[in-house]
Amino acid sequence: MRKALLFLIFSFLAFSLYAQNRVVRGKVISPEDGTGLPGVSVFVKGTSKGTVTDQEGMYQVEVTPQENTLVFSFIGYLTKEVAIDNQESINITLQTDTKQLSEIVVTGYTSVDKRLLNESVGVVKADAIKDLPVASIDGVLQGQTSGIQVLQNSGTPGGAMSVRIRGTTSINGSGQPLYVIDGIPVTTDDYAQVGYEGQGISALSDLNPNEVESFSVLKDAAAVAIYGARASNGVVLITTKRGKKGNSVIAFNTYQGVQQVWHKLDMLDKRQWMEYRNDLTNSEVFTEADMNDPSIPNTDWQDVIFRSAAMSSYDLSVTGGDDKTKFFASGSYFQQDGIVIGSAFRRINARFNLDHRVNKRLNIGTSIGFTNSKTNRIESDASLHGPLPNGISMPAIYPVYNDDGTYNQDGPYSNPVSIAKEATNENFTYRAIGNVFAELEIISGLTFTTKWGVDFYNLREHAFEFNTVQGQKYNGLGFETYTNALNLVSNSILRYEKSFDKHSMDVLLGYSFEKKQVRDIYIRGQDYASPDLQYLNSASTFVDPSAGAVDKGIRSFFAKANYNYDNKYLLGLSGRIDASSNFGENNKNGFFPAVSAGWRLSEESFIRDNVEQISQLKLRASYGLLGNDATSAFQYAALYGTGTYNGQPTVYPINMPNPDLKWETTVQFDMGVDVGLFNDKITLTADFYNKRTKDLLLDRPLPPGSGFTSVAENIGEMENKGIELTISGGHDFGPVHWTTNFNISANRNKVTKLYGNQPIDDIGRGGNRVMVGQPIGVFYSFKSLGVDPSTGDMVYYDKNDDGQITTDDRMVVGNPQPKFIGGFTNTFSYAGFDLSVFLQFTYGNDVFNGSRLFLESLQGGDNQTTDVLRRWKQPGDITDIPRATLEPVAADNKRVSSRFIEDGSYLRVKNVTIGYNFNKELLSRVHVSSLRLYVSAQNLFTFTRYSGLDPEVNYSGNSTSLIGTDFFTFPQARALTVGLNLKF
């Protein structure tokens with residue numbers, strides 16, 4: 001009986017205790033779209049108990065009878081207190097705090113409120129690029145944010161671009177940043193095997209800018225160290241568009257346009273060229289009658305090779321969803337003819353993104369993109385067998401066609417029209433980029449995410465010539481290449497978020513691996529029976545066929561932790577351990593840590609309560625180590641080649657192994673300030689950084705007795721220092737709304753160490769050089785002092801004063817690195833009208849105009865620019881153009897020197913767009929939600945002192961050291977487009 005009584009008493013007490021504590025559940029809703037708001041702090045007032053809402057905005061918290069108030073807080077929203085009373089379910093909608101509103105920034109493996117971000121990250125939203133008629137996703141970044149230099153190497157449709165974030169950190173390795181799309185690193189290499197110099201194939205050209213929601217450009221060590229061995233050049237995170245809750249929305253965007261060359265060279269006409277030839281030969285090659293003879297053509301070859309070229313884009317998308325499933329699907333077609341005859345680019349894209357909530361704890365989804373593209377390429381850069389170089393160099397006296405309709409081949413070079421029309425150079429790409437993911441909330445605040453992705457890239461190149469000078473030389477010349485690149489990626493992340501009282505922390509641990517396979521085949525064929533049989537099975541001779549296979553991979557463990565106290569004091573830690581197959585056992589693993597800190601002074605009472613004009617003031621700093629493994633595979637190992645010896649197959653070593661080879665390592669320090677004034681109507685971001693790169697992978701010369709010329713070693717060092725400034729703002733002038741964004745960056749690069757301080761010399765046509773104490777790629781050649789009035793020959797500076805001009809007299813005569821880069825955007829809206837003006841500029845860089853080596857040679861059969869009209873003709877003439885002569889001694893007049901180096905600075909009116917948005921109330925009557933028509937001009941004006949076709953050039957494409965050289969490079973086009981944006 002006593003035992004039964006005690007059991008009843010204890011049961012009653014336990015029941016009473018249980019009844020005292022209870023769990024309150026609910027959902028926090030966004031006021032913008034009614035969806036759940038993740039990351040909201042929910043805590044019991046007067047205690048340290050609390051939680052954060054999950055991805056769907058759900059929460060639960062245990063309370064006692066004495067605890068009667070829940071406090072909901074989130075940056076950008078007004079804090080709200082709610083009485084619990086007897087409620088077991090509390091759903092609330094937070095209201096936007098206009099003073100504290102901030103955007104969410106995507107960073108490495110997570111996203112952060114911008115006001116709590118203590119990393120240097122540039123953000124470009126879709127609205128900023130929506131009217132730019134640019135084919136590739138890297139091109140749209142030009143001038144949009146500080147610290148990133150985007151150089152369009154040429155105007156070739158679908159051509160590659162060079163992107164540098166805070167300068168160049170490698171000499172022999174890649175200078176391109178790592179691109180990550182929806183969390184998956186993607187292939188960006190140029191796999192073209194038929195070389196066209198600056199017109200390389202860009203894997204990024206396969207991606208459609210219209211599918212992008214936002215770009216995050218990660219710049220400092222704290223932002224990029226989480227990507228470890230590939231972060232030295234910076235990281236570009238690309239987030240594609242996803243579905244949203246609500247009614248399905250169909251969007252159709254299109255534009256049609258025409259492109260033209262914005263600048264032509266002033267070349268000699270028929271009479272001028274005849275007079276020049278008479279002067280050159282010191283004889284009457286052409287008489288006055290010849291000059292007046294109408295039967296001798298006066299062909300303007302630039303009018304022949306340049307054309308008005310069409311471009312168009314069509315993009316159709318559907319987006320929508322409900323509480324459980326959200327989707328985005330799109331299809332697009334882009335077509336661009338080049339302004340040089342024979343060139344074109346066409347791309348077809350499809351994308352499907354899906355997010356599905358299985359239950360309150362599990363979310364799954366996928367992102368899938370498909371691309372098919374075709375590029376018609378023409379030889380141009382660094383070539384004397386292309387429509388552009390041949391057309392510009394062809395004298396005006398030669399016609400395009402003979403009287404019988406055949407191509408006239410009497411000129412000094414092959415007829416450019418025959419090359420454009422008779423030479424086939426086609427590239428076909430097929431690409432699939434996709435991932436699937438699952439996110440599981442284990443307990444409140446603790447989630448596990450796994451993502452598996454694949455990037456498959458197939459490139460086929462087909463080239464054939466028969467009825468051209470080069471084709472006839474080989475009795476038909478053909479190329480066929482295939483490249484398959486498959487990259488498999490997996491990321492698994494465990495993340496914990498917790499807020500209590502004034503403390504908030506976000507910690508993640510992750511594991512990642514990548515496996516990449518590349519397979520390629522190259523075959524060259526000659527001796528074809530007919531121009532109609534252009535595939536390799538019709539070739540009688542095969543030259544240098546080859547096939548290759550490379551497998552490589554990387555395995556990584558990484559961690560990241562962010563902590564803030566009272567939304568005032570911020571601390572971030574991150575680290576990554578990478579193991580790469582590019583390096584041997586001695587240095588296979590690398591560790592890349594980073595630390596960052598921030599102080600939001602605007603949250604301190606001495607500013608918040610006394611300086612109402614300051615809405616945001618934050619100081620931040622970061623420090624970390626970054627790596628670069630973008631180098632040729634397996635240089636650490638003993639590699640072998642194959643051949644024949646005495647008619648027998650042989651295997652022989654081709655390199656000296658180096659098992660101690662390791663990463664190129666960059667140590668970066670960054671210090672910045674973020675300022676917001678007048679409720680963020682004016683914002684300012686400024687950064688100073690110092691990047692020091694060591695262990696650069698270079699080739700150390702070996703004595704001939706070793707059997708090898710060099711061995712790869714970590715022996716170089718380099719530094720980049722710079723400042724960045726971004727100012728944004730907006731104001732309403734009555735009914736006119738104005739916003740502005742200005743950014744400017746200055747980077748100073750310097751090579752600080754090479755093997756034995758021996759320079760890497762005479763790189764490319766312009767004489768680029770890598771040397772200690774100078775920026776990478778300086779122009780190192782002879783300093784021109786002008787024309788000797790007594791002889792008409794060029795005079796060069798005798799540096800060592802030995803009375804002779806030799807290679808010892810060369811010196812630094814130019815710097816291709818710009819002093820400043822930037823962009824300036826202004827937008828205006830009034831009633832339904834909008835106007836956007838975007839300026840982009842580069843200042844302080846030099847360009848070697850290699851085209852002038854031929855076009856101002858005054859020695860050969862090429863046509864010349866009209867600058868040669870002021871050439872030296874008799875003793876006493878004062879001019880900067882030497883004499884025309886065939887004397888061998890005058891060959892020095894066109895030697896590579898400062899004579900051909902020009903100021904490459906420019907200010908470009910990159911885009912001007914005028915649009916009109918129709919009245920939504922009227923549109924609703926025909927079931928249309930929005931309609932916008934616009935007119936846009938790209939590259940409308942360019943202000944520059946550069947005399948070539950375009951100051952934004954680099955004939956060698958993505959090289960880090962051969963830079964700033966123009967050699968008959970395909971110029972950018974001026975484009976005028978008319979577009980439509982429709983939603984219903």
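## A four-stranded antiparallel sheet

Strand β38 (residues 778–781) pairs with β41 in the antiparallel sense over three bridges. Helices (H or I, at least four residues) and strands (E, at least two) are DSSP runs numbered from the N terminus, and two strands pair if DSSP finds at least two bridges between them. This is a predicted model, in which local features need pLDDT of at least 70 and side-chain atom pairs count only at pLDDT 80 or more, while totals for chains, interfaces and linings use all residues. Residues are numbered from 1 along each chain as its sequence is written, and side-chain values use heavy atoms, with hydrogens and water left out.

The strands β36, β37, β38 and β41 follow one another in that order in an open sheet of four strands with antiparallel pairing. Its edges are β36 (760–763) and β41 (811–814), each of which pairs on one side only. From one strand to the next, the twist averages 45 degrees (axes are lines fitted to C-alpha atoms, for helices over the stretch in contact; angles run from 0 to 180 degrees between N-to-C directions). On one side of β38, Phe 779 has Gly 814 of β41 as its bridge partner. Strand β37 (residues 768–770) also pairs with β38, in the antiparallel sense and over two bridges, and there Arg 769 stands opposite Val 778. Within β38, Val 778 and Tyr 780 point one way, Phe 779 and Ser 781 point the other way, and all are buried (under 20% relative accessible area; exposed is over 50% and partly exposed in between, with a 1.4 Å probe and protein chains only).

## Nonpolar cores

A nonpolar core is a set of buried Ala, Val, Leu, Ile, Met, Phe, Trp, Tyr and Cys residues joined through side-chain atoms within 4.5 Å. The largest has 37 residues, and those with the most contacts inside it are Ile 171, Phe 306, Ile 339, Ile 392 and Val 770. Two or more residues each are given to this core by α7 (387–393), β33 (682–701), β34 (710–733) and α11 (852–855). The largest share, three residues, comes from α11.

Ile 171 touches (contact means heavy atoms within 4.5 Å) a set of residues that includes Leu 696, Leu 698, Met 718, Ile 760, Val 770 and Thr 960, not counting residues up to four places away in sequence. Apart from the largest core lies another, of 25 residues, among them Val 112, Val 180, Ala 225 and Leu 570.

## A mixed sheet and a long-strand hairpin

Five strands make up an open sheet with the order β10-β15-β16-β13-β14 and mixed pairing. The edge strands here are β10 (121–125) and β14 (184–185), each pairing on one side only. Strand β13 (residues 178–181) pairs with β16 (residues 235–240) in the parallel sense over four bridges, and the bridge partner of Leu 178 in β16 is Val 235.

Elsewhere, β26 (residues 539–565) and β27 (residues 569–580) pair in the antiparallel sense over twelve bridges, with Lys 560 opposite Ser 574. Their hairpin has three residues between the strands, and Asp 566 takes a positive phi near 60 degrees. Strand β27 is also joined to β28 (residues 589–600) by eleven bridges, again antiparallel; Leu 573 stands opposite Val 595 in this pair.

## Helix α4

Helix α4 (residues 270–281) has twelve residues and reaches 17 Å from its first C-alpha to its last. This is close to the 16 Å expected at 1.5 Å a residue, the expected span being 1.5 Å times one less than the number of residues. Its buried residues are Lys 270, Trp 273, Met 274, Tyr 276, Asn 278 and Leu 280, and what covers them includes α5 (288–292).

At the N-terminal end, Asp 269 caps α4 through a side-chain oxygen that lies 3.3 Å from the backbone nitrogen of Arg 271. Just after the helix, Asn 282 takes a positive phi of about 55 degrees.

## Two buried loop residues

Ser 136 lies in the loop between α2 (126–129) and β11 (148–152) and counts as buried because its relative accessibility is 2%. Its side chain is joined to that of Asp 138 by a polar contact of 2.5 Å (a pair of N or O atoms within 3.5 Å; within protein, one must be able to donate a hydrogen and the other to accept it, and residues adjacent in sequence count only if both atoms are side-chain atoms). Ser 136 also touches Met 161, Leu 204, Ser 205, Leu 207 and Pro 209, not counting residues up to four places away in sequence.

Phe 967 is found in the loop between β48 (965–966) and β49 (973–983). It counts as buried because its relative accessibility is 0%. The C-alpha atoms of Phe 967 and Asn 954 are separated by 8.3 Å, and the two residues are 13 residues apart along the chain.
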